[in-house]
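Colleague: Thanks for sitting down with me over this one. Could you put the structure up so we can go through its rings and its pocket together?

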Amino acid sequence: QLISTIAQETNGSQLVEISGNTINLTPPYRRAGMFDLLSEATGMNLRGLNRDELLSAARKLNVEVEPAASQMKILDEIFSECVQPSLIQPTFVMDFPVEMSPLAKAHRTEAGLVERFELYVNGSELTNCFTELNDPIDQRKRLEEQAASRLSGDDEAMTLDEDFLYAIEVGMPPTAGLGIGIDRLVMLLTGEESIRDVLFFPQMKPL
């Protein structure tokens, strides 16, 4: 509703032209599970596969990954290559694997998944949202796993944050987190394909 309202008040229309595509921002938007989208795009069921199995799948799909890439990094690369470019019309990608979302709360009905969604438009991530994990025991376990992945060479993995864990132990209420890429939203609404056309980079342009 937020994006739809902004589009209507800014452009007077729910339709946006960008990259040769006509995007319809009229709600409701499609909702699909991450593994369902992966299955549609690859013809493979990638849920529950270990690192070696995901690496084999990536090779079959001609998706390049770093030799030290973690299990979830490989899955993310497959998603980025095989699924993301096809998400032209607004799509909520939901139900991410727990290993890919160390700060999100476990899904209340689906084991191994978390309550998280990302909104993709024109092949680009526009928002990220999840139910915040407020269980200090579960959070410590996940951060320890992230730290182990980092030691194994995954530079994007998180580190163990004792201050954060202590804060949760003291008490954290049920919380949701939402991030919206304002620069990407402006690009979408103005039909611009380069971020330099919507943000000022003083170090790269004369006054």
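Colleague: How many aromatic pairs does the count come to?

Modeller: Happy to help; bear in mind that this is a predicted model. Two rings pair if their centres lie within 6.5 Å. By this rule, the number of aromatic pairs is three.

Colleague: What kind of pair do Y29 and F92 form?

Modeller: Their ring centres are 5.8 Å apart, with 35° between the planes. Planes under 30 degrees apart would count as stacked and over 60 as edge-to-face. The Y29 and F92 pair is therefore neither of these under the cut-offs, and its class is tilted.

Colleague: Which parts of the chain does the pair of F92 and F117 tie together?

Modeller: These two rings meet edge-to-face, at 5.1 Å centre to centre and 75° between the planes. F92 belongs to one strand and F117 to another, so the pair bridges parts 25 residues apart in sequence. Those parts are strands β4 and β5.

Colleague: Is F117 buried, partly exposed or exposed?

Modeller: Y29 and F92 are both buried. For F117 the relative accessible area is 27%. Buried needs under 20% and exposed over 50%, so F117 is partly exposed.

Colleague: Now the largest pocket: which class, nonpolar, polar or charged, has 15 residues in its lining?

Modeller: About 780 Å³ of space lies in this pocket. Its lining comprises 38 residues, and E99, M100, S101, P102 and Q146 are the closest to the centre. Polar residues number 10 and charged ones 13, while the class with 15 is nonpolar.

Technical notes. Residues numbered from 1 in each chain as written. Predicted model: local features only at pLDDT ≥ 70, side-chain atom pairs only at ≥ 80, totals over all residues. Heavy atoms only, no water. 1 Å grid on protein atoms, 1.4 Å probe; cavity = no way out; pocket = protein on both sides within 12 Å on 5 of 7 lines; lining within 4 Å. Points joined across faces, edges and corners; volume = space filled by probe spheres on them. Nonpolar A, V, L, I, M, F, W, Y, C, P; charged D, E, K, R; others polar. Phe/Tyr/Trp six-rings, centres within 6.5 Å; stacked < 30°, edge-to-face > 60°. Buried < 20%, exposed > 50% of the residue type's maximum accessible area, 1.4 Å probe, protein only. Helix = DSSP H or I, 4+ residues; strand = E, 2+ residues; numbered from the N terminus.
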